[in-house]
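Here are my notes on this one, point by point. Have the model open while you read.

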Amino acid sequence: MKQINWKYYFVLLLLLLVLLKVTSYMMFLEAMALLMVYLAWVLFSGSIFYTYNKKRGVRKGFCTNYEYEVLTMHFWIDAVHKELAVICMLNPFKVQYFPLDSVEKIEPMVSTGKRKDYAYGVYFDITISGKKTSVGVASSGRGPFINMDYKNRCLEDIQKFKDAIWEAKASQ
């Protein structure tokens, strides 16, 4: 699963170099305004495309039986055609499709520190066609730690997602 569209971010970097050259010929306020527009585009374009393509949904003929949204990804399961569809926040331009048979395992993980009653993050590793991808479900980030109730709720959601995949793989 491709989580990051490196080409897009490389083009944005090249665009920055072009903007820096162009702004050297402009007045200071015009140059700052142009750079602020560029900065806003870099910061928000990924989430704009992600939201748009997520709302647009999956391709025609895809029968969504189950949806699961985590921090930076959205999953759809089609039990009829036995497919998994994924869109990632840092690769927001297209929905990726995988046959359910290529999903090998899903392992829930919890990162804890010294305080065992709290967690730093909850995530799961999904292995598709031999490639392991780590998917964040909950993160403390710079905020408060994740308490046991929320951690258990996240683990239950991961288990429901896992069960939905195995059930769809087993269905006829």
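Is phenylalanine 145 buried, partly exposed or exposed? At 38% relative accessibility, phenylalanine 145 counts as partly exposed (buried is under 20% relative accessible area, exposed over 50%, partly exposed in between, with a 1.4 Å probe and protein chains only).

1. Ground rules. This is a predicted model, so local features need pLDDT of at least 70 and side-chain atom pairs count only at pLDDT 80 or more, while totals for chains, interfaces and linings use all residues. Residues are numbered from 1 along each chain as its sequence is written, and side-chain values use heavy atoms, with hydrogens and water left out.

2. Rings around phenylalanine 145. Tyrosine 118 and phenylalanine 145 make a tilted aromatic pair, 6.3 Å centre to centre with 45° between the planes. For the terms: rings of Phe, Tyr and Trp (its six-membered ring) pair if their centres lie within 6.5 Å, and planes under 30 degrees apart count as stacked, over 60 as edge-to-face and the rest as tilted. Tyrosine 118 sits in strand 6 (residues 118–119) and phenylalanine 145 in the loop between strand 8 and strand 9 (146–147), so the pair ties together parts 27 residues apart in sequence. Helices (H or I, at least four residues) and strands (E, at least two) are DSSP runs, numbered from the N terminus. Tyrosine 118, at 28% relative accessibility, is partly exposed.

3. A second partner. The ring centres of tyrosine 120 and phenylalanine 145 are 4.9 Å apart with the planes at 70°, so this pair is edge-to-face. Tyrosine 120 belongs to the loop between strand 6 and strand 7, so its pairing with phenylalanine 145, in the loop between strand 8 and strand 9, links parts 25 residues apart in sequence. Tyrosine 120 is partly exposed too, with a relative accessible area of 37%.

4. Glycine 143. This glycine is also in the loop between strand 8 and strand 9 and is partly exposed, at 41% relative accessibility. The C-alpha atoms of glycine 143 and tyrosine 120 are 9.7 Å apart, with their positions 23 residues apart along the chain.

5. Helix 2. Does the length add up? What would 29 residues be expected to span at 1.5 Å a residue? For helix 2 (residues 28–56) the answer is 42 Å, and the end C-alpha atoms are 40 Å apart, which agrees (expected span is 1.5 Å times one less than the number of residues). Helix 2 still bends by about 45° at phenylalanine 44, the bend being the angle between axes fitted to the seven residues ending there and the seven starting there. Right after helix 2 comes glycine 57, with a positive phi near 85°.

6. The cores. The largest nonpolar core has 28 residues, with Met1, Phe75 and Phe161 among those with the most contacts inside it. Such a core is a set of buried Ala, Val, Leu, Ile, Met, Phe, Trp, Tyr and Cys residues joined through side-chain atoms within 4.5 Å. Helix 3 gives the most to this core, with six residues. Apart from it lies another core of seven residues, including Tyr50 and Val58.
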